Amino acid sequence: MSATGESGAPGAGGEDRAVSPAEITAQVIARFDSCADPRLREIMQALVAHLHGFVTEVGLTEAEWAAAIGELTATGHITDDKRQEFILWSDSLGVSMLVDALAHPAPDGATESTVLGPFYVAGSPLRPYGADIAEQEAGVPAWVHGRVLDTGGEPIAGAELDVWQNGDNRLYAVQDEEAPDDHLRGRFETDAEGRFAFRAVRPVPYPIPDDGPVGRMLAATGRHPWRPAHVHIVVRAPGHRSVTTHIFDAESEYLGDDAVFAVKPSLMRTFEERAADDPERPEGVEEPWVSLELDLVLAPGEDEAAVKDLGRTH
Ligand code: BEZ
Ligand code: FE
C-alpha cells in the first residue's frame with residue numbers, strides 16, 4: 001500500500017514511485033486501525049477521511065494551508081478565560097447548532113434548545129422571585145414571568161432558571177469591565193405552582209466578538225457578525241432533561257440571518273410594550289417597560305449533560 005513502507009523511510013520496502021493523494025489518505029486512515037477504543041477509532045478515521053476529502057476537493061494550496069494554520073494559531077493566542085474563540089468558530093460555522101440538533105431532536109412538546117454561547121458563567125447568584133437581574137442601568141425594563149411545566153402540562157416546583165443577557169450597551173457583564181460581575185445574570189427557583197418571575201431589560205441585537213480570527217473570516221466572506229436580541233435561559237429540574245435555550249424578541253432585527261444560526265421559530269416571543277403608568281408595572285419602574293409571559297416545558301428524563309462550561313475557568 002505504501003510506496004515508502006510503513007516506516008516512511010525511503011527504501012524501507014517501497015517501490016520507487018510517487019505516492020498518490022488517495023494513497024496518502026488510505027495510509028493515514030489505516031494507521032488508526034489498531035486504536036483500541038472503537039468510538040475514538042471511528043471518529044479519527046472519519047475525521048481524516050473528511051479532512052483529506054476537503055483538502056483534495058478544493059485543491060488546497062500551500063499558501064491557503066499556511067493561512068489556515070496562522071488563523072488556528074491566532075485562535076489559540078486570543079483564547080483565554082474570558083474569550084473563547086474556538087466556541088466562536090463552532091458557532092459561526094453552524095457546528096454548535098448541528099451538535100445540538102443531533103443531541104436534542106425536536107422534543108415532544110418540550111421547549112427547544114439552542115446554543116449556549118461563550119458568555120455563560122456558572123455560579124450566578126440565586127435571586128428571589130421577581131428580583132431584578134440588572135445591577136445598574138441597562139435598558140428598557142422587562143418583566144418576565146411564567147411557569148415551568150412538564151410535557152403533561154403539570155407545574156414543576158423547585159425548577160431552576162439560570163438567566164443571562166446583554167444590556168443596551170450590547171455587552172454581557174463578562175465582556176464589560178465597567179459592570180459588576182453579577183450584572184444581568186441570576187438564578188431563580190419556581191414556587192409550588194411552578195411559577196417564576198424576574199425583572200430584566202429588553203435585550204438588543206449585538207455582534208459576536210469580531211476583532212479576531214472569526215471576525216476576519218466573517219469580513220472576508222461578506223458575512224455580518226450580528227445576533228438577534230435574546231435572553232439566555234437554562235432550565236434544570238430533577239427528573240427532567242435540562243434545556244439550554246434562548247427567548248428571542250420576535251421584533252428584533254437579524255432573526256432571519258443570525259450569525260450563529262441559533263434561531264428556532266418556537267423560541268420567538270413578543271415583548272408587550274407597556275406604558276409608564278400601567279398599574280401592573282413592577283415596583284420601582286417609572287418609565288415605559290415591556291412584559292413577557294413565558295411557559296417553559298421540560299421533557300421527562302435524566303440529564304446526561306447539564307450545561308457544559310466549555311473552556312471556561314471562571
Ligand atoms: C450568545 O448568544 O451569547 C452567543 C452565541 C454564540 C456566539 C456568540 C455569542
Ligand atoms: Fe447571547
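This report describes a predicted model of a protein with an iron ion.

## Overall layout

The protein has 314 residues, and 43% of them count as buried. Six helices and 11 strands are found in the protein. Along the principal axes, the C-alpha atoms fill a box of roughly 90 × 40 × 30 Å. Contacts between residues at least 6 apart in sequence were also sorted by separation: 71% of them join residues at least 24 apart.

The domain assignment divides the protein into domain 1, residues 12-60, and domain 2, residues 85-298. Taken over C-alpha atoms, the centres of domain 1 and domain 2 are separated by 43 Å.

## Helix 1

Helix 1 covers residues 21-31, and its buried residues are Glu23, Thr25 and Gln27. Helix 2, residues 38-58, is included in what covers these buried residues of helix 1.

## The iron site

Which residues of the protein act as donors to the iron ion (ligand 2)? They are Tyr172 and Tyr206, each through its OH atom, and His230 and His232, each through NE2. These donors lie 1.9 to 2.1 Å from the iron ion. The site has six donor atoms, and the angles among them run from 55 to 165 degrees. The site is classed as irregular.

In sequence, the donor residues follow the spacing Y-x33-Y-x23-H-x1-H. The pair Tyr172 and His232 links distant parts of the chain, being 60 residues apart. Tyr172 is in the loop between strand 2 (160-164) and strand 3 (185-189), whereas His232 is in strand 7 (residues 230-236). Tyr172 counts as buried because its relative accessibility is 1%, under the 20% cut-off. His232 also counts as buried, at 2% relative accessibility.

## The four-stranded sheet

Four strands form an open sheet with mixed pairing, in the order 4-1-11-10. Strand 4 (195-201) and strand 10 (272-274) stand at the edges of the sheet. Each of these two has a single partner strand, so one side of each lacks a neighbour in the sheet. From one strand to the next, the twist averages 25 degrees.

The pairings can be followed across the sheet. Strand 4 and strand 1 (residues 141-150) run antiparallel and are joined by seven bridges. Here Gly146 stands opposite Phe196 of strand 4. Strand 1 and strand 11 run parallel, with nine bridges between them. One bridge partnership involving strand 11 is that of Val148 with Leu296. Strand 11 (residues 289-298) and strand 10 run antiparallel, joined by three bridges. Glu273 has Val290 of strand 11 as its bridge partner, and Glu272 has Ser291 of strand 11.

## Cover over strands 4 and 11

How many residues of strand 4 are buried? Six of its seven residues are, and the strand is mostly covered. Strand 11 is mostly covered as well, with eight of its 10 residues buried.

Ala200 is placed in strand 4 and counts as buried because its relative accessibility is 2%. Leaving out residues up to four places away in sequence, Ala200 touches Asp132, Ile133, Val140, Pro141, Ala142, Val144 and Gln165. Ala200 and Arg127 are 73 residues apart in sequence, and their C-alpha atoms are 12 Å apart in space.

## Val235 in strand 7

Strand 7, which holds the iron donor His232, also contains Val235. Is Val235 buried or exposed? Val235 is buried, because its relative accessible area is 0%.

Which residues is Val235 in contact with, leaving aside its neighbours within four places in sequence? They are Val148, Glu160, Leu161, Ser242, Val243, Leu296 and Leu298. Val148 and Leu296, both in this list, are also bridge partners. The C-alpha atoms of Val235 and Asn169 are separated by 26 Å, and the two residues are 66 apart along the chain.

Conventions. Residues numbered from 1 in each chain as written. Chains lettered and ligands numbered in written order. Predicted model: local features only at pLDDT ≥ 70, side-chain atom pairs only at ≥ 80, totals over all residues. Heavy atoms only, no water. Donors = N, O, S within 2.8 Å, 3.2 Å for Na, K, Ca; no water. Tetrahedral: all angles 85-135°; square planar, octahedral: opposite > 155°, others 65-115°. Buried < 20%, exposed > 50% of the residue type's maximum accessible area, 1.4 Å probe, protein only. Contact = heavy atoms within 4.5 Å. Pairing = 2+ DSSP bridges. Axes fitted to C-alpha atoms, helices over the stretch in contact; angles between N-to-C directions. Domains from an automatic or database assignment.
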